[in-house]
Amino acid sequence: QVQLVESGGGLVQAGGSLRLSCTASGRTVSTYIMAWFRQAPGKERELVARISLGGITYYADSVKGRFTISRDSAKNQVYLQMNSLKPEDTAVYSCAVKSPPFLSTSYDYWGQGTQVTISS
């Protein structure tokens, strides 16, 4: 079992920045795909960014150039640096991990989420 705990959410003004952190425990996730999802009220959950073991990243079009995902395998952590935040970025952000051999499209473990609110 893997437990994921997010931190770093909060309330900031549009144009500001936040850095989210997600710490995994229970098992090393150094070989896992790690990702950040978000869900705004009334909307479906969407993949924001993911990072592979080799550091290959993917970003949703809506966050490209503003968000950066990174990981520290030694610390069992994944981060999401969010810059130039917009009110439409307001959502609950959750981290998730997918274990190898990555045969499924679903993620195996999820955190509880952290609220990010951007004021205009």
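User: Where is Ser84 found in this predicted model?
Analyst: The model is predicted. Phi of Ser84 is near 50 degrees, a positive value in a residue other than glycine. Most residues other than glycine have a negative phi. Ser84 is found in the loop between β8 and β9.

User: Is Ser84 buried, partly exposed or exposed?
Analyst: Buried means under 20% relative accessible area, and exposed means over 50%. The relative accessibility of Ser84 is 42%. Ser84 therefore counts as partly exposed.

User: Asp89 lies in the loop between β8 and β9. Is Asp89 buried or exposed?
Analyst: The cut-off for buried is under 20% relative accessible area. Asp89 has a relative accessible area of 0%. Asp89 is therefore buried.

User: Which residues does Asp89 touch, not counting residues up to four places away in sequence?
Analyst: Contact means heavy atoms within 4.5 Å. Two arginines are among the partners, Arg38 and Arg66. The full set is Arg38, Arg66, Phe67, Ser84, Val116 and Ile118.

User: What separates the C-alpha atoms of Asp89 and Ile118?
Analyst: Along the chain, Asp89 and Ile118 are 29 residues apart. Asp89 also touches Ile118. Their C-alpha atoms are separated by 6.8 Å.

User: Which cysteine does the disulfide join to Cys22?
Analyst: The structure holds one disulfide. Its S to S distance is 1.9 Å. The partner of Cys22 is Cys95.

User: How many residues apart in sequence are the parts that this disulfide ties together?
Analyst: The disulfide joins Cys22 to Cys95. Cys22 lies in strand β3, residues 18-25, and Cys95 in strand β9. The pair therefore ties together parts whose separation in sequence is 73 residues.

User: What is the relative accessible area of Cys95, and is Cys95 buried or exposed?
Analyst: At the other end of the link, Cys22 counts as buried at 0% relative accessibility. The link of Cys22 and Cys95 is right-handed, with 40 degrees about the S-S bond. Cys95 is buried, and its relative accessible area is 1%.

User: Lys98 is buried yet has no salt bridge. Which side chain of opposite charge is nearest, and how far away?
Analyst: Lys98 is found in strand β9, residues 91-98. A salt bridge needs a side-chain nitrogen within 4 Å of a carboxyl oxygen. The nearest side chain of opposite charge to Lys98 is Asp108, 7.5 Å away.

User: Which residues does Lys98 touch, not counting residues up to four places away in sequence?
Analyst: Tyr32 and Ile33 are among the contacts of Lys98. Tyr107 is another of them. The full set is Tyr32, Ile33, Ser104, Thr105, Ser106, Tyr107 and Asp108.

User: Which peptide bond is cis, with omega near 15 degrees?
Analyst: Most peptide bonds are trans. Pro101 is found in the loop between β9 and β10. The cis bond runs from Pro100 to Pro101.

User: What is phi of Phe102?
Analyst: The place of Phe102 is in the loop between β9 and β10. Phe102 is partly exposed, with a relative accessible area of 34%. Phi of Phe102 is a positive value in a residue other than glycine, near 60 degrees.

User: What is the geometry of the aromatic pair of Phe37 and Tyr107?
Analyst: The structure holds three aromatic pairs. Phe37 and Tyr107 form one with 5.1 Å centre to centre and 85 degrees between the planes. Planes over 60 degrees apart count as edge-to-face. The pair of Phe37 and Tyr107 is edge-to-face.

User: How many residues apart in sequence are the parts tied together by Phe37 and Tyr107?
Analyst: Phe37 lies in strand β4, residues 33-39. Tyr107 lies in the loop between β9 and β10. The pair therefore ties together parts with a sequence separation of 70 residues.

User: What is the geometry of the aromatic pair of Phe37 and Trp110?
Analyst: Phe37 counts as buried at 10% relative accessibility. The Phe37 and Trp110 rings are 4.7 Å centre to centre, with 50 degrees between the planes. The pair of Phe37 and Trp110 is tilted.

User: Which residues form one aromatic cluster?
Analyst: Tyr107 is buried, with a relative accessible area of 11%. Trp110 is partly exposed, at 30%. The cluster is formed by Phe37, Tyr107 and Trp110.

User: The charged end of which residue sits over the ring of Phe37?
Analyst: The charged end lies 5.8 Å from the ring centre of Phe37. The residue is Arg45.

Note on methods. Residues numbered from 1 in each chain as written. Predicted model: local features only at pLDDT ≥ 70, side-chain atom pairs only at ≥ 80, totals over all residues. Heavy atoms only, no water. Helix = DSSP H or I, 4+ residues; strand = E, 2+ residues; numbered from the N terminus. Buried < 20%, exposed > 50% of the residue type's maximum accessible area, 1.4 Å probe, protein only. Lys, Arg positive; Asp, Glu negative; His and termini not counted. Phe/Tyr/Trp six-rings, centres within 6.5 Å; stacked < 30°, edge-to-face > 60°. Lys NZ or Arg CZ within 6 Å of the ring centre and 35° of its normal. Disulfide = S-S within 2.5 Å.
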